[in-house]
Amino acid sequence: MALIIQKYGGTSVGSVERIKQVAERVAKFKMLGHQVVVVLSAMSGETNRLIKLAHDVQSQPDARELDVLVSTGEQVTIALLAMALKDLGLKAKSYTGAQVRILTDNAHTKARILNIDEQHLRTDLQAGNVIVVAGFQGVDEHGNITTLGRGGSDTTGVALAAALKADECHIYTDVDGVYTTDPRIVPEARRLKTITFEEMLEMASLGSKVLQIRSVEFAGKYKVKLRVLSSFQDEGEGTLITFEEDDNMEQAIISGIAFNRDEAKITVLGVPDTPGVAYQILGPVADANIDVDMIIQNVGANNTTDFTFTVHRNDYARTLQMLRDMQAKIGAREVIGDDKIAKVSIVGVGMRSHVGIASSMFKSLAEESINIQMISTSEIKISVVIDEKYLELAVRVLHKAFGLEKAA
């Protein structure tokens, strides 16, 4: 008998019929003698509908009240699935994040999990119940409802797997695994049988929408066995996210190509080239809870330098205005921005033992006259910022250049 956590995304529970299909799948695992905890997202489109309602009422919705509102989406699906399971003759019990007591910090709309009180769940599992938990949500120390940010149900699933020391955590989604890149852009994209946590972490952080980055961090930290599967196929092994590098990893120099359209670039021109200037610029940005991604500081000339960084496109207008308000204080000549950029990244642990990867990437882009605006590298990834209009071309060109359509 194994303890299995199953997480189902919004499309998997997008209708009553699909919720009943999830119930039948869960029942199969239960009939095999396994203990099952199911984590659900809201129905597809529901969170967006609720956010739109909030904006219809308040131009900048209060973060606390927004969390109260959007958390109701998951409450609907967990109750319906518990009913569907009972209709199949199973014992089932639904829990909101607050009822489990998934304790988070108080950063509304993007809270982080601090602790999980799993004792109630253990008791109900021992009593033979299937536990159905609302993903994406928790509660802070003062009892306020919090949400974990987009894709947060993945994090809920993995965090519960870690807290309960589950045997496996299955992430069911509308794709049947992790692909070399998005098949909608590159039809030849190939499903990976395995990928390392390190590579998956990079892919998630760089824009791959299959898993939320925090869920991969949790899984890696607590050694949770993680498998991505399709909720619309009964068969298939999906993609296993592994701790160890495959014996054949030498052959696969690049595992995948990730991309992100949600980027914006801000440049602070002509700031004094003195110690502490980076902190003067980025300190207030961090204090405003805005995440900065890529950073470039040019070589100083005439005692001034230019400082460029990227932020999420949702934070672009706020960050640009903040820095323009600070322009005189930091001694900048001008603050400019561009919210029509995109980031494209190649990822692979094989890069550690192969040279010339960067030059191959840059050559492939140059041959298509795609200009590179920024470059960022790590041991297993290379990212470039380009004009958004060239994004799909860049992904297709790089996928072909590194032979990712071919089985390893």
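A salt bridge here is a side-chain nitrogen of Lys or Arg within 4 Å of a carboxyl oxygen of Asp or Glu. With that in hand, we can start with a small cluster: Glu198, Arg352 and Glu379 are linked in a network of salt bridges. The structure holds 19 salt bridges, and three further pairs will serve as our guides below.

A word on the ground rules. This is a predicted model, in which local features need pLDDT of at least 70 and side-chain atom pairs count only at pLDDT 80 or more, while totals for chains, interfaces and linings use all residues. Residues are numbered from 1 along each chain as its sequence is written, and side-chain values use heavy atoms, with hydrogens and water left out.

Let us begin with glutamate 217, which forms a salt bridge with arginine 112, the closest N and O atoms being 3.6 Å apart. Glutamate 217 belongs to helix 9 (residues 213–221) and arginine 112 to the loop between strand 4 (102–104) and strand 5 (113–116), so this pair ties together parts that are 105 residues apart in sequence. Helices (H or I, at least four residues) and strands (E, at least two) are DSSP runs, numbered from the N terminus. Glutamate 217 counts as partly exposed at 34% relative accessibility, and arginine 112 is partly exposed with a relative accessible area of 43%. For these labels, buried means under 20% relative accessible area, exposed over 50% and partly exposed in between, using a 1.4 Å probe and protein chains only.

Two more pairs bring us to strand 13. Glutamate 392 forms a salt bridge with arginine 261, and their closest N and O atoms are 3.1 Å apart. Since glutamate 392 lies in helix 13 (residues 391–401) and arginine 261 in strand 13 (residues 256–272), the pair ties together parts that are 131 residues apart in sequence. Glutamate 392 is partly exposed at 34%, and arginine 261 is partly exposed at 30% relative accessibility. Glutamate 263 forms a salt bridge with lysine 343, with the closest N and O atoms 3.6 Å apart. Here glutamate 263 sits in strand 13 and lysine 343 in strand 16 (residues 334–347), so parts that are 80 residues apart in sequence are tied together. Glutamate 263 is buried, at a relative accessible area of 4%, and lysine 343 is buried too, at 2%.

Now to the helices. Two packed helices are described by the angle between their axes and the distance between the axes. The axes are lines fitted to C-alpha atoms, for helices over the stretch in contact, and the angles run from 0 to 180 degrees between N-to-C directions. The axes of helix 1 (residues 16–31) and helix 4 (residues 72–87) come within 9 Å and cross at roughly 55 degrees. That makes helix 1 oblique to helix 4; angles under 35 degrees count as roughly parallel, over 145 as roughly antiparallel, 65 to 115 as roughly perpendicular and the rest as oblique. Helix 1 passes helix 4 in a right-handed crossing; a crossing is right-handed if the near helix is turned clockwise from the far one by less than a right angle, and left-handed if anticlockwise. Ile19, Val22, Ala23 and Val26 of helix 1 make the contact with Leu80, Leu81, Ala84 and Leu85 of helix 4, where contact means heavy atoms within 4.5 Å. These residues divide into 8 nonpolar, no polar and no charged. In this scheme, Ala, Val, Leu, Ile, Met, Phe, Trp, Tyr, Cys and Pro count as nonpolar, Asp, Glu, Lys and Arg as charged, and the others, Gly among them, as polar.

Helix 9, the home of glutamate 217, has a helical partner as well. The axes of helix 7 (residues 152–164) and helix 9 come within 7 Å and cross at roughly 15 degrees, and the two helices are therefore roughly parallel to each other. Their crossing is left-handed. Asp154, Thr155, Val158 and Ala159 in helix 7 meet Arg214, Ser215, Phe218 and Ala219 in helix 9, a contact whose residues divide into 4 nonpolar, 2 polar and 2 charged.

Finally, a look at the backbone. Most residues other than glycine have a negative phi, and most peptide bonds are trans. Threonine 109 has a positive phi, near 75 degrees, and is placed in the loop between strand 4 and strand 5. Asparagine 303 also has a positive phi, near 65 degrees, and is exposed, with a relative accessible area of 67%.
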